[in-house]
Number of protein chains: 2
Amino acid sequence: MGCNVDSIAEKLAEKQKEISIGEFFERNKHILGFDTLTKSLVTAVKEGVDNSLDACEEADILPDITVKIDEIAYQEYRVVIEDNGPGIVKRKIPDVFGKLLYGSRFHDIRQSRGQQGIGVSAVVMYGQLSTGRPTIVRSKIAEKEYAIEMEITMDTKRNEAEIVSEEVVLWEGKEHGTKFETTIKGLLRSGEHSVFEYLKNTAIVNPHARITFHCDGDTTVFKRATDQLPPPTVAVKPHIEGIELGTFVKMAKESDRRKLGSFLVNEFSRISYRTAREIASKADVDDDTNPSSLTLDECKRILKATSKVKIMAPETDCLSPIRSMLIKKGLKNVLKGYRPEFYSPPTTREPRVYSGNPFQVEVGLVYGGDLPSEGSVRVLRIANRVPLLYKKGGCATTTAIKNIDWRIYGLDQRGGSGMPSGPAIIMIHVASTRVPFTSEAKEAIADIPEVVDEIERGLRECARHLRTHLNREKRRKKISRKFRIVREILPMIAEKSADIVDRDVPPLETVMTKIMGVVYVEKSFDWENGVCRGILDINNYTPKEKELVIYIEKPYPETELLKSSIEPAFDGEYLKWDIESLSSSKGESIEFEFDGGLEKEDVGGLEVYVEGVKETSLIGAETLPDDWGVELAEIEKE
Amino acid sequence: MGCNVDSIAEKLAEKQKEISIGEFFERNKHILGFDTLTKSLVTAVKEGVDNSLDACEEADILPDITVKIDEIAYQEYRVVIEDNGPGIVKRKIPDVFGKLLYGSRFHDIRQSRGQQGIGVSAVVMYGQLSTGRPTIVRSKIAEKEYAIEMEITMDTKRNEAEIVSEEVVLWEGKEHGTKFETTIKGLLRSGEHSVFEYLKNTAIVNPHARITFHCDGDTTVFKRATDQLPPPTVAVKPHIEGIELGTFVKMAKESDRRKLGSFLVNEFSRISYRTAREIASKADVDDDTNPSSLTLDECKRILKATSKVKIMAPETDCLSPIRSMLIKKGLKNVLKGYRPEFYSPPTTREPRVYSGNPFQVEVGLVYGGDLPSEGSVRVLRIANRVPLLYKKGGCATTTAIKNIDWRIYGLDQRGGSGMPSGPAIIMIHVASTRVPFTSEAKEAIADIPEVVDEIERGLRECARHLRTHLNREKRRKKISRKFRIVREILPMIAEKSADIVDRDVPPLETVMTKIMGVVYVEKSFDWENGVCRGILDINNYTPKEKELVIYIEKPYPETELLKSSIEPAFDGEYLKWDIESLSSSKGESIEFEFDGGLEKEDVGGLEVYVEGVKETSLIGAETLPDDWGVELAEIEKE
């Protein structure tokens, strides 16, 4: 044993060599999302569409994307993705499509779908690997009359594109855009993990995009829901929170700044000169020190000091959250005719930072009604406006959900951990300048503690609303029961007593009011042929006269009010009725109709808010959240 | 909108550039296993130890590895890993430790722990990133008198090592080996996801390794359990099954062979000339065709034809399964004093292929006894003899477990899918020339359909044993009840009847035998101070005389028999007693003692096998599996 060790080290040395990044990914294609035939198709479409959306948004163009899938042989598909983006200049086409780790957004600190410069080249590589065929790219930029069409393969050993053919073509009716045609081995499936599902969900969270899907002879158009592009994201400087010491040292060494103070202020976000001085003083380093001469220990002290100084949360303009309405719409869209009893107000959390990268979490939740109560709750996962369909088990969203004891919020959960079960759907969006995906396929979010924690907080916010709702429902039911009893028994007691003392039966209304002590709202909604009819019955069972304001959210901001039995005081994104005086023991009824084009699902979640009564004295509706008063007043002013 | 599209394509072009692999991983350190502080430490140790084990095995050296962890500042640790491997020649040290994607095993088709040439360089990178400090590598090869010590950092932009310092040192008492010292940010935890747990499990599945762990002033030595190195794995040619068309085309283009036939025979494993001719004929391609002139369509037909021709399963010598005994030992080791009632015979499946890569699945299962019956079953995951501690949710092992309806095998499972619960522990080992890990951190196995399917088959094999056991237990209990009833009631009936007809009470033994109709084995084991006492009571309640052979597995092959009331016919890896004649209604008892050094857990799973009686007529023991007869006879001969 060990006898021929002498030669072994040399022998091993001969075998040690560089591994090409291309060959590495070729052999580990599953890391890029090509592990099963069904997924391969989804991945190919996803990478193409993500690129198109990013390019359009960057060029301030409303995206118009066409995806076409044809089976051309057994388990072999032609995938064509065409957009109206700015196009790609000729000299860059080979690298963008035929070189892994080549892109424009890697060094930018702002939210975008693609970042790593791997995705679409990986599709070219997998097409070639699985079918032996090149990918055809056509691109037209606005300043040229003609388009360029190239056939591209990838030399994985050198990680370089090879141009098989190249020609100039006329692209009729196209001002600018890119078309990408590849042939890959795959399997077209329907259902939860399908291309269709991916495109549908993409359309929901990107309502400014028009997506046309030709598949198997069928054409589906996901129409544009708004002509408003999301506000463009702006590249920011790194945030100092959680930044690695090594990164900080490197930045200091490479900085052009001559003083620590201006280095901190100019190369990090959200640091003022005052904060910089505070950091320097807490770190016991002179703020005039040249950053390139900082010692390792000084750098360490500076980073430590930043955690003791209050630094503002990161800028939000590098991020593009999807906001309440889209979260709600996203949830509605997967309901497929179910009508949940409760829509939790969606949560958009404040941005936070992990390892210097800003991120923001949004959560929505619907519950009850006729949603299936068997099995685990359903989860919609979205990262930077891209729906995630795979690797649920290994995703930070799942970790966060499992970390919560849902029983205290009213959901079933075996043993108080693991996936909760019951009639609920949860939607989670993580937006970041760098979403920490678990692999290059961008299918799941890594369990970064800060991210998991923030998702948990978002979930708990929604969960608390759910608990409040369930408690209120319980209370409403109890009060309804009390109501019924009071209504039936009180008159009998009164009659009997009156009989015994030989007097007239006294008026009971006020007694009942004393017993109840609440404002009671009964709402009922009806839907027929796109029209929604609603009735709100408001009863003042409190001893005092009330001045009430009633709010109801419209299903969509553009929904029109057709008629209303009481003239609303405001008709815009929501409706508002003033009930200036409602005497004790009296009621008021509002009947109204919303305009057509509504889906049945749109009607389920209409929330009624009442101003002018305490939460504990209101049954059947919600009080207006504290911070809404000012906000609504501003909307009304516009 | 779209107004400044002209300049946009050019503007974007300016930003498009190559992304350095080093910078890519630096920003995505979580992909390399550095997403949490606790995991960072485990990852660093794992990468170092994996490298050491691979190097030792390659050089035919019994590994002797020392791991040392010291906290040197708040959340900052020094990690030192030293081995007795062959060492690394001086000129290769910088690349091996300071360059990502640099290694010796990437192009080999055989099982090894490391393959990608990323792991240990990633540790150097993370050390530098998180603490700003270089890594110190010391290496001595056998042919030199002195060792080389280098301080290394990594230039991530160029993906190149930078040598900070270099010196020649004497390494006393060391013939050859490598020592690796790095400083990283981390957090030392105990429990399921700890360095200790990783080393313990590594020691179990690598019993030829001696691992010493110094940590926090404590020293733990995981002793060598065998001086036998696992048989060295041999590099093989790719298997043609599931190989990608693109890979096949490339191989054909680059082949030196002049004829298709010899190309298939010489560049793929397990293809004979006859098979090659059959493939060519089924593909309708002349087997004299020059492979480099094959058309894409011909290549496609050839691959299609291979699926219609029987090609042998891949060679097994490229793989290194851990085998039954280690599976059992691995399971025992996590029992921590629990005594399960049932050890399923571990399964080592035949090798199979995914995308041309041979792989092999092994499964073990223990059940019942005092194992906790609350919560999910526990799972031990191992890949190429490396324990996997993280990312359980996103692992093929979990997918396979969840795919099975465990209720039919006797475990609880809500709704027949998801993780089963109950008193069970499952161990799964996947060995492959290329384990399809979900990311570069090698924490979980991707859901490759062939791999998931094979794990499922292994699980089902063990699960069937469990079901058989549970059914047998049920039957045994039923028969015991019957027994008791028969014993109590039969004499009473006999007495009464005899009384009525005024005769003597007849002998009942034979009647009871007729009613029972089984050989009944009662076993009891006792453990005290490392000595195991066993009693086997064998009762022949069948109407015929029986010639029986009784087998009992030893806890370990080296376990010694101290005494036995009946002289065994064989005493080796197991014990065998011949009971040449056991009359109907008679019993026999064997008492024996096993030698010291046994753990309490070793005694729980001792299985008794009986030859000479049908399975349906045997209670309390197992019949000898069909294929064992020949195998055991051979062991006895040796």
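**Exercise 1. The sheet of chain A**

Task: Find how strand β17 and strand β18 of chain A pair, and place them in their sheet.

Solution.
Step 1. Strand β17 (residues 518-528) and strand β18 (residues 531-541) of chain A are antiparallel, and 11 bridges hold the pairing. The structure examined here is a predicted model.
Step 2. For one position in this pairing, take A:Trp527, whose bridge partner in β18(A) is A:Cys532.
Step 3. The two strands belong to an open sheet of 5 strands in chain A, ordered β20-β23-β18-β17-β25, in which the pairing is mixed.
Step 4. At the edges of the sheet stand β20 (561-564) and β25 (618-619) of chain A; each has a single partner strand, so one side of each lacks a neighbour in the sheet.
Step 5. For the side chains, a general rule applies: in a regular strand they alternate between the two faces of the sheet.

**Exercise 2. Partners of β23 in chain B**

Task: State how many bridges join strand β18 of chain B to strand β23 of chain B, and how many join β20 to β23(B).

Solution.
Step 1. Strand β18 (residues 531-541) and strand β23 (residues 587-594) of chain B run antiparallel and are joined by 8 bridges.
Step 2. Within that pairing, B:Cys532 has B:Phe594 of β23(B) as its bridge partner.
Step 3. Strand β20 (residues 561-564) of chain B also runs antiparallel to β23(B), with 3 bridges.
Step 4. Here B:Ser564 lies opposite B:Phe592 of β23(B).

**Exercise 3. Helix α9 in both chains**

Task: Identify the buried residues of helix α9 in chain A and in chain B, and explain how they are arranged around the axis.

Solution.
Step 1. In chain A, helix α9 (residues 273-282) has A:Thr275, A:Ala276, A:Ile279 and A:Ala280 buried.
Step 2. Viewed down the axis of α9(A), these residues fall within an arc of 135°, so they line one face of the helix.
Step 3. The general reason is that an α-helix has 3.6 residues a turn, so residues three or four places apart point the same way.
Step 4. The cover over the buried residues of α9(A) includes α8 (260-267) and α10 (296-306) of chain A.
Step 5. In chain B, helix α9 (residues 273-283) has B:Thr275, B:Ala276, B:Ile279, B:Ala280 and B:Ala283 buried. They cover an arc of only 135° around the axis, which puts them on the same side of α9(B).
Step 6. The face of α9(B) turned away from that side carries the exposed residues B:Tyr273 and B:Arg274.
Step 7. Just after α9(A) comes A:Asp284, with a positive phi of about 60°; α9(B) is followed by B:Asp284, whose phi is positive, near 60°.

**Exercise 4. The contact between the chains**

Task: Describe how chain B is related to chain A, and what each chain contributes to the contact.

Solution.
Step 1. Chain B superposes on chain A by a rotation of 180° with 0.0 Å of shift along the axis, at an RMSD of 0.1 Å. That is the relation of a two-fold axis.
Step 2. Chain A and chain B each put 71 residues into the contact.
Step 3. On the side of chain B that touches chain A, α1(B) gives the most, with 8 residues.
Step 4. By class, this side of chain B has 32 nonpolar, 23 polar and 16 charged residues.
Step 5. Of the interface residues of chain B, 100% are also interface residues in chain A, so the copies meet through the same surface.
Step 6. Strand pairing also crosses between the chains: β4 (residues 102-103) of chain A and β1 (residues 17-18) of chain B run antiparallel, joined by 2 bridges. In this pairing A:Tyr102 stands opposite B:Glu18.

How values were computed:
Residues are numbered from 1 along each chain as its sequence is written. Chains are lettered from A and ligands numbered from 1 in the order in which they are written. This is a predicted model: local features need pLDDT of at least 70, side-chain atom pairs count only at pLDDT 80 or more; totals for chains, interfaces and linings use all residues. Two strands pair if DSSP finds at least two bridges between them. Helices (H or I, at least four residues) and strands (E, at least two) are DSSP runs, numbered from the N terminus. Copies are superposed by least squares on the C-alpha atoms of residues with pLDDT of at least 70 in both. Two residues are in contact if their C-beta atoms, placed from the backbone, lie within 7 Å. Ala, Val, Leu, Ile, Met, Phe, Trp, Tyr, Cys and Pro count as nonpolar, Asp, Glu, Lys and Arg as charged, and the others, Gly among them, as polar. A residue is buried if 20 or more other C-beta atoms lie within 10 Å of its own, exposed if 12 or fewer, and partly exposed in between; C-beta atoms are placed from the backbone. The arc is that of the directions from the helix axis to the C-beta atoms.
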